[in-house]
Amino acid sequence: MTRMDKRDAFSRRSLLKAGGAVVISVGMPIGLESLLAISSALAQGGKPPLVPNQLSTYIAITADGGVSAFFGKMDMGQGLATAISQMVAEELDVQVERVTVLMGDTGTSVNQGGASSSNGVQDGGKQMRAAAAEARRVLVEMAAEKLGVPADQLTVTNGVVQAAADATKKVSYADLIGGRYFNVQLNWNKQIGNALYAPGKAKPKSPSEYKIVGKPIKRTDIAPKVFSQQGFVTDVKVPGMVHARTIRPEIAGAVPVKVDEGSIKDIPGARVVWDQGFLAVVADKEWDALKAARALKVEWSDAKPPFPSEAALYDHIRKAPVRKREVDKGQSGNVDEAFKTAARVIEAEYEWPFQSHAGMGPGCAVVEIKDGGATVWTSSQKPHYTRDGVAATLDLPPDKVHGIWVSGPGCYGRNDAGDAAMDATVIAKAVGRPVRLQYSRAEGTAWDPKGPASIHRARAAVDAAGQVIGYDFVSKAFSRIDVMFHEGQPHDTLAGQLRGVALKSGDGFRVPEESYAFPNKRMSWETIAPLLDRASPLRTAHLRDPVGPQIHFASESFLDEIAVALSIDPIELRLRHVKDARDIAVIKAVAEKSGWQQRSSPRRDQSGSTVSGRGIAYCQRSGTRVAIVAEVEVDRRSGKIWARKFTVAHDCGQIINPRNLTQTIEGNVVQGLSRTLWEETHFDNKNVTSVDWQSYPILDITDTPETIDVALIDRPDVASSGAGEPAIRVVAAAVANAIFDATGVRLRRVPFSPDRVKAALS
Amino acid sequence: MAKMSLDVNGKVHTIDADPDMPLLYALRGDLGLNNPQFGCGLAQCGACTVHLNGQPVRSCVTPVSAVGSGKVVTLAGLGTPDKPHPLQTAYIEEEVFQCGYCINGWIMTAAELLARKKKPTDAEIKDALTGLKCRCGTHVSIMRAVKRAAEMMG
């Protein structure tokens, strides 16, 4: 971000604008002398440049006393904006409805990492809380000066500062600063993105003082959409814009060698944009762009089919050379020796397929290039990086590009929104007009970055006394960062790779997050190369809780396999080995809430075609703890699974908004259930063959659980950790364990679609 | 191209369009409405759902020429902040959606169900809504909201 290097320019501009303005800022105990000394440098009329170390970057008081909170992350639909408004209102002592959270606009917010890693509250909220606390401190100091009352004798209620001893002595935030900007330096840690932190001198409130944080404040973003008053990124309209469609090859990796523009000459306004491997059409009307995309005659290069058959996927992963191996630094003891001395070894292997974001709507973006700069409207989860990617594509400095986040079809990671923005940029540059691009359904399902396919091998060494003395867990998989989790550089985008920028495939995977103690324990991962090294529909990247569902499906299924082998209740086994007190608490809470009856699995008391069972799984995720119990019914004749009930115990530290948190957990469970029961990207040796909702089925309302019972564990004095992803990672294992409990059959490959379950049961 | 009139949310509009063009593109492009949304173009998800003479139809596969003099109602025409449809009120009270891109399908389809069936059972609700897609996984909230709206409608 070049803007951050311009702090000097910022203070110069402040000086220039200072004449005659009221002093609105303090950086030290205030007195007349210091006021006179600093006043010329501190006045702010217009909006100052965005720099991470200025309070004005995060908080402003409007002329009518409202609070604007400028947030460099965004709410992807889980109610984050409401949580942020609560944290800001709490620290500033204003009513929560007076706070407006302005999100993800590169013109009004610095890069706080965008939506990322469930840390909207954990990191983003922490910064906004610190800024709001500092704003209150500064406002009280200003009021102290104005009222002639020491700051420690002032109270604030609903944005009015008042003398504790004399109610007639009062002044509002609006009167102190409304409509102008703070000029208060913060102590910035020199980081951008998720790690950005810039507190002031103020100490945020103690949780015991909270009046707004922790309350189920309602979201305000529902009504405008329910009444169709607020549009999505798909609804952005720019004068003069054309509609575009990109065109993908039948064989992945093929490039156009001959394009017959005459084949679309009868379609009004239709034009071709062709640059190396990149091919698109535009027209004035969207329907005409669609028709042109269908009608265009293209001759493609003679590409060799790049993929193995789908049936050979897991063999391919097993046999592929390891590109990078990493052993978790927390390993203990001597694992190999433990296995040599074991009386018994339990082992299993698990498989997880490629999965698609398959957004509710395919990716969409609008790009306008004019006056030496550009504007991009995007629903990407990281619009500051989208801005950087557009700038790189156009060879412009980032500060010439304005990224505007607009809500779009749900985004749960590095989906197709970022690619749509880069494609639209290339097309806008070529046609010289603003461009709106929305992908086809087939592109949205077949050509988005995929969650990586993986295999996981787990072994446990058991001694003659039945104690687990060794544990070895290894994942082998495609990388979670074959393309990066944002579109900030062309080599991570389809448009870049199709126009000749080489892929820079990175290596990343993870290990289980839990606190099981075994005397000898090793957890590791291995990554393999992508199947196609350019513009691949099977390129892999972050999909909600990147690689968490696959890893914990394996690790938590395996814990149950150990329990079965040792004929121990699966919760009892977990409690024997889990060491962290908060982990123990969530496991005990879910056992109690679900009415868990202690016994080993499977049940042996059922006959008939429909059988039922229960399963437990637990995990950590970046500080958050989740334990979940699934209760399922299995139709043995059809293979159909119905997860009738889930019970979830969830501890993410201090709770900001219990209602939004509960619904976020529900969404995690249901989306996790969809990925567990149905989702699998199909392909043949030429290309991805999952192109719509028939060939990439997801959970249907008829699969919806009857009950999702959530037990929230609030820890007001523990810093909040994330909630956007932790619960999704344990769903598959809980369901697999419940299916085993019901049937005695262990499913080790996701998804548990009816045909696969039926085959396993027969 | 052919000139056609379209009755949308009680107003008649004249458009000049390809008769084969799906209604979705007339609503979004020619009329400039924000909803319905494009989800699949294959009648598989419901994001484009509108009412045609009171029946939910997938506008992404309904040729504009097939609409004739039929009355089209979109989500914006179902109710307003001053006069909301019970489902809209229930959606707000239950804070149903996450991204909200799918709501045309769920609300317009459920509205037709509630118009013909008082207090439907869970099975009847699921039967009416099967096939609609929600990617955020808000299905349990959707069930709560439809039941709440049914209660409001008595």
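This is a conversation between a student and a tutor about a predicted model.

Student: Why are α14(A) and α15(A) called roughly perpendicular to each other?

Tutor: Set the angle against the cut-off. Helix α14 (residues 548-565) of chain A and helix α15 (residues 570-577) of chain A pack at about 105 degrees, with their axes 9 Å apart. Angles of 65 to 115 degrees count as roughly perpendicular, and therefore α14(A) and α15(A) earn that description.

Student: Which residues make that contact?

Tutor: From α14(A) come A:Leu559, A:Asp560, A:Ile562 and A:Ala563, while α15(A) brings A:Pro570, A:Leu573 and A:Arg574. Sorted by class, the contact of α14(A) with α15(A) has five nonpolar, no polar and two charged residues. Asp and Arg count as charged, whereas Leu, Ile, Ala and Pro count as nonpolar.

Student: How do you know that the radius of gyration of chain A agrees with a compact globule?

Tutor: Happily, there is a rule to hold it against. For 762 residues, a compact globule would have a radius of gyration near 27 Å, and chain A has 28 Å, which agrees. Taken along the principal axes, the C-alpha atoms of chain A fill a box of roughly 85 × 70 × 50 Å.

Student: What makes a residue of chain A count as buried, and how many do?

Tutor: A residue is buried if 20 or more other C-beta atoms lie within 10 Å of its own. In chain A, 57% of the 762 residues count as buried. Chain A also has 19 helices and 26 strands. Among its contacts between residues at least 6 apart in sequence, 78% join residues at least 24 apart.

Student: Where does chain A touch chain B, and which element gives the largest share?

Tutor: There are 43 residues of chain A in contact with 45 residues of chain B. On the chain A side, α6 (222-226), α7 (286-295) and α17 (658-677) each supply at least two residues. The largest share, six residues, comes from α17(A). By class, this side of chain A divides into 15 nonpolar, 18 polar and ten charged residues.

Student: And what are the domains of chain B?

Tutor: Chain B is divided into domain 1 (2-75) and domain 2 (86-153), and 22 Å separate their centres, taken over C-alpha atoms. Their contact takes 14 residues from domain 1 of chain B and eleven from domain 2 of chain B.

Student: Which element gives the most to the side of domain 1 that touches domain 2 in chain B?

Tutor: That is β3(B), with three residues. This side of domain 1 of chain B has seven nonpolar, seven polar and no charged residues.

Notes:
Residues are numbered from 1 along each chain as its sequence is written. Chains are lettered from A and ligands numbered from 1 in the order in which they are written. This is a predicted model: local features need pLDDT of at least 70, side-chain atom pairs count only at pLDDT 80 or more; totals for chains, interfaces and linings use all residues. Axes are lines fitted to C-alpha atoms, for helices over the stretch in contact, and angles run from 0 to 180 degrees between N-to-C directions. Helices (H or I, at least four residues) and strands (E, at least two) are DSSP runs, numbered from the N terminus. Angles under 35 degrees count as roughly parallel, over 145 as roughly antiparallel, 65 to 115 as roughly perpendicular and the rest as oblique. Two residues are in contact if their C-beta atoms, placed from the backbone, lie within 7 Å. Domain bounds come from an automatic or database domain assignment. The radius of gyration is taken over C-alpha atoms; the globule rule is 2.2 Å times the number of residues to the power 0.38. A residue is buried if 20 or more other C-beta atoms lie within 10 Å of its own, exposed if 12 or fewer, and partly exposed in between; C-beta atoms are placed from the backbone.
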